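Student: Take me through one part of this structure up close, please: the inside, and whatever sits around it. Keep it informal, but don't skip the numbers.

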Amino acid sequence: MLTLWMLILPMIVWFVELVLPFPALIEEAAKALVIYRSSSLRQAFGLGLVFGFSEAILFLVNANLLQNMSAIFWRLLLTMPMHGITAAMIVVFGKRYWWLGLMLAILTHYLFNLKIAS
């Protein structure tokens, strides 16, 4: 069930980001809602990869958002693992201090977006 949520989550988040243009904050908070229920670091990483893959497919379907088709390759190569790593960061501090992992994940995602945009 968690995998299904991660597959549809980018489509839900995309509409929220149209109103609130803070992708690092919105995406990581949404992932945290699902990741919090994961049972292990490995599962969290896998769920993050599923989220990244689903997001890449969403960008492929909305090809007008891409400047060229090679961008989908870079999204799969770079963005998918980033989502896996940030999802793992959320659970690395455990159930008690998950919010520290969330803050670290948001910061990592934000810095990743800054580097990719430049």
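Tutor: Let's begin with the largest nonpolar core, which has 19 residues in this predicted model. Within that core, the residues with the most contacts are Met 6, Leu 9, Ile 35 and Ile 90. Who supplies it? Helices α1 (2-19), α2, α3, α4 and α5 each put in at least two residues. The largest share comes from α2, with six residues.

Now look at how two of those contributors meet. Helix α3 packs against α4 (residues 70-92) with the axes 7 Å apart and at an angle of about 145°. The handedness of this crossing is right-handed. If you sort the residues of the α3 contact with α4 by class, you get 18 nonpolar, five polar and two charged.

Some buried residues are worth clicking on while you have these helices up. Gly 48 belongs to α3 and is buried at 0% relative accessibility. From Gly 48 to Ile 72 the C-alpha distance is 17 Å, for a separation of 24 residues in sequence. Over in α4 you'll find Arg 75. With 18% relative accessibility, Arg 75 counts as buried, because the cut-off is under 20%. Its C-alpha lies 6.1 Å from that of Ala 56, although the two are 19 residues apart in sequence.

Glu 17 is another charged residue to check, and its place is in α1. Its relative accessibility is 17%, so Glu 17 counts as buried too. Measure-tool fans can pick the C-alpha atoms of Glu 17 and Glu 27: they are separated by 8.7 Å, with their positions 10 residues apart along the chain.

On to the rings. A pair of aromatic rings is described by the distance of the centres and the angle of the planes. Searching the whole structure turns up three aromatic pairs. One of them joins Tyr 36 and Trp 98, with 6.0 Å centre to centre and 75° between the planes. That angle is over 60 degrees, so the pair of Tyr 36 and Trp 98 is edge-to-face. Tyr 36 sits in the loop between α2 (23-35) and α3 (41-61), while Trp 98 is in α5 (residues 98-117), so this pair ties together parts that are 62 residues apart in sequence. Are these rings buried or exposed? Neither, quite: Tyr 36 is partly exposed at 39% relative accessibility, and Trp 98 is partly exposed with a relative accessible area of 31%.

Another pair is made by Phe 73 and Trp 74: the ring centres are 5.2 Å apart and the planes stand at 70°, so this pair is edge-to-face. Phe 73 is partly exposed at 49% relative accessibility, and Trp 74 is partly exposed with a relative accessible area of 46%.

One last stop, back at Tyr 36. The charged end of Lys 95 sits over the Tyr 36 ring, 4.6 Å from the ring centre. Tyr 36 therefore has two partners to show on screen: the ring of Trp 98 in an edge-to-face pair, and the charged end of Lys 95 over its own ring.

Technical notes:
Residues numbered from 1 in each chain as written. Predicted model: local features only at pLDDT ≥ 70, side-chain atom pairs only at ≥ 80, totals over all residues. Heavy atoms only, no water. Phe/Tyr/Trp six-rings, centres within 6.5 Å; stacked < 30°, edge-to-face > 60°. Helix = DSSP H or I, 4+ residues; strand = E, 2+ residues; numbered from the N terminus. Buried < 20%, exposed > 50% of the residue type's maximum accessible area, 1.4 Å probe, protein only. Lys NZ or Arg CZ within 6 Å of the ring centre and 35° of its normal. Axes fitted to C-alpha atoms, helices over the stretch in contact; angles between N-to-C directions. Left-handed = near helix turned anticlockwise from the far one by under 90°. Nonpolar A, V, L, I, M, F, W, Y, C, P; charged D, E, K, R; others polar. Core = buried A, V, L, I, M, F, W, Y, C linked by side-chain atoms within 4.5 Å.
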